[in-house]
Amino acid sequence: MLGEALQWQYPADAVLSHWFRGRKQVGQRDRGEIAEAVFDVLRHLRRYRQFAESGQGSATRRLAVLGLASVWPRSTLDTGLDEHERAWLDYVQAFPVDSLPAGVRYSVPEWLEARLSSLTDAESLLQALNQTAPLDLRANPMKTDRDAVLAAWSQGPEARWAAKPTPYSPWGIRIQGRPPVNRWTSFERGEIEVQDEGSQLLAALVAPKRGEMVIDYCAGAGGKTLLLGALMRSTGRLYAFDVSAARLARAKPRFARSGLSNIVPVAIAERHDQRVKRLRGKAHRVLVDAPCSGLGTLRRNPDLKWRQHPESLEQLCATQAAILRDAAACVRPGGRLVYASCSLLPEENEHQVQAFLAEYPEFTLLDAGAVLADRGIVLTFDGPMLHLRPDVHGTDGFFAAVMQRNPAKDPQADAPAPDSEVETEAAPQEDTPDPA
């Protein structure tokens, strides 16, 4: 199974899910340990491969041994190793890792190491990206608030997970470990959702108001859509656009649990969609959480650093620029546009925004820190654009820029759009919702 994951044909979590589906006899605890071992190998792959060059037999087996050594006591692991493997593992575990070059020590490919090394405190960032992330949840403000959730959990079986408020998001809850959240009563009632704190803060930057027309242009699994709808108190119209009808279908159970009635899911074409064109100049607020390398989420998805490469990054940047242009056309005069990514790379982030503003001078960059402060969120970062880092803020790596379209001189230009601007396109239903 590790060999399958190392083919990079599919995301690691999809490979694991497929493997487990064919092995119903594997118990829940064993599944957790196997998954943890696989992700440990993916997280430390460059360093482990260097170690695996020594020893005898299959290099993939030696990689698996190193992964299992991260989850099993040595006494348990030794029962499955021969004499040579035990001696090899003794050597590896005693090796002074600090003597290795940073790129090997923190296991990043050379091209990514070169890009990240230009960022401030690069080694601190590399180290943080190689740690296991906590689990961030979010209270649904349509049904409850964070204090009520934490109070209920302090008296129930959830107390063992020692949930705490996130430091910045007023809705966020942080848990160490991987509890079965999707089986908790509060989840089934739609009172909580799984969402990284950084992602929650994007909704605060959009700052939607009741009765507005808002577009979540790349809605994906719907996490940000849900928070936007709750902040709108289920009024107005909230379009959830995505090019994948299947992703929107997986989001529908989440929409149903949330208690929201203002979400309109629409599967759109990748470019020049006619339904998008009908909203030209109509939306009060548009969020573009652009498809990106995802390199800010390496704590959760360590395989991404091996599945991405400079050529794919080039294509992603072209796609991001095209999506930003199409989405910006929907913003009404005086309206707000938020461009975001879960990447740490300048070419996907500030370079995109700078190029867009140079091409579209009718948009003005706002101070993201001031926008958050208006909602009572105090966060420190350099410059007017939001940069979140795991080593500084404890979140995934996130970027966001808030822009405003200059008000129109013609008072008719920002007249409200009719309710029937866009016809919805039903997405095919799927059995399994995506809680991420």
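User: Helices, as H or I runs of at least four residues, and strands, as E runs of at least two, are DSSP runs numbered from the N terminus. How many helices and how many strands does the protein chain have?

Analyst: The model is a predicted one, and what follows should be read accordingly. Counted in that way, the elements of the protein chain come to 21 helices and twelve strands.

User: What radius of gyration does the protein chain have, set against that of a compact globule?

Analyst: Taken along the principal axes, the C-alpha atoms fill a box of roughly 80 × 50 × 40 Å. A compact globule of 436 residues would have a radius of gyration near 22 Å, which agrees with the value for the protein chain, 23 Å.

User: What percentage of the contacts with a separation of 6 or more comes from residues 24 or more positions apart?

Analyst: As background on packing, buried residues make up 53% of the 436 residues in the protein chain. Among contacts with a separation of 6 or more, the share that residues 24 or more positions apart account for is 74%.

User: Turning to helix 7, residues 83-94, how far apart are its end C-alpha atoms?

Analyst: Helix 7 has twelve residues, and at 1.5 Å a residue these should span 16 Å. The expected span is 1.5 Å times one less than the number of residues, which is the rule behind that figure. The separation of the end C-alpha atoms in the model agrees with the expectation, being 17 Å.

User: What arc around the axis do the buried residues of helix 7 cover?

Analyst: An α-helix has 3.6 residues a turn, so residues three or four places apart point the same way. In helix 7, the residues that count as buried are Glu-85, Trp-88, Leu-89 and Val-92. They lie on the same side of helix 7, because the arc that they cover around the axis is only 100 degrees.

User: Which helices are included in what covers the buried residues of helix 7?

Analyst: The other side of helix 7 carries the exposed residues Glu-83 and Ala-94. The cover over its buried residues includes helix 4 (45-52), helix 5 (59-69) and helix 6 (74-78).

User: With which side chain does the side chain of Gln-195 make a polar contact?

Analyst: Gln-195 lies in the loop between strand 4 (192-194) and helix 13, and with a relative accessible area of 5% it is buried. Leaving aside neighbours within four places in sequence, the residues in contact with Gln-195 include Asp-136, Leu-137, Gln-200 and Gly-223. The polar contact of its side chain, at 2.5 Å, is with the side chain of Arg-138.

User: Which residue just after helix 14 takes a positive phi?

Analyst: Helix 14 is mostly covered, with nine of its nine residues buried, among them Gly-223, Lys-224 and Leu-231. In the loop between helix 14 (223-231) and strand 6 (237-242) there is a residue that is partly exposed, with a relative accessible area of 34%. That residue, which has a positive phi of about 55 degrees although it is not a glycine, is Arg-233.

User: Is Ala-207 buried or exposed?

Analyst: Ala-207 is found in the loop between helix 13 (197-206) and strand 5 (213-216), and it has a positive phi of about 50 degrees although it is not a glycine. Buried means under 20% relative accessible area. Since the relative accessibility of Ala-207 is 13%, this residue counts as buried.

User: What arc do the buried residues of helix 19, residues 350-359, cover around the axis?

Analyst: The cover over these residues includes helix 18 (310-328) and strand 9 (331-341). The buried residues themselves are Glu-350, Gln-352, Val-353, Phe-356 and Leu-357. They are put on the same side of helix 19 because they cover an arc of only 155 degrees.

User: What distance separates the C-alpha atoms of Asp-382 and Ser-312?

Analyst: Asp-382 has its place in the loop between helix 20 (368-374) and strand 11, where it counts as exposed at 73% relative accessibility. Asp-382 and Ser-312 are 70 residues apart along the chain, and their C-alpha atoms are separated by 29 Å.

Key. Residues numbered from 1 in each chain as written. Heavy atoms only, no water. Buried < 20%, exposed > 50% of the residue type's maximum accessible area, 1.4 Å probe, protein only. Arc of directions from axis to C-beta. Contact = heavy atoms within 4.5 Å. Polar contact = N/O pair within 3.5 Å; in protein donor to acceptor, adjacent residues only side chain to side chain. Rg over C-alpha atoms; globule rule 2.2 N^0.38 Å.
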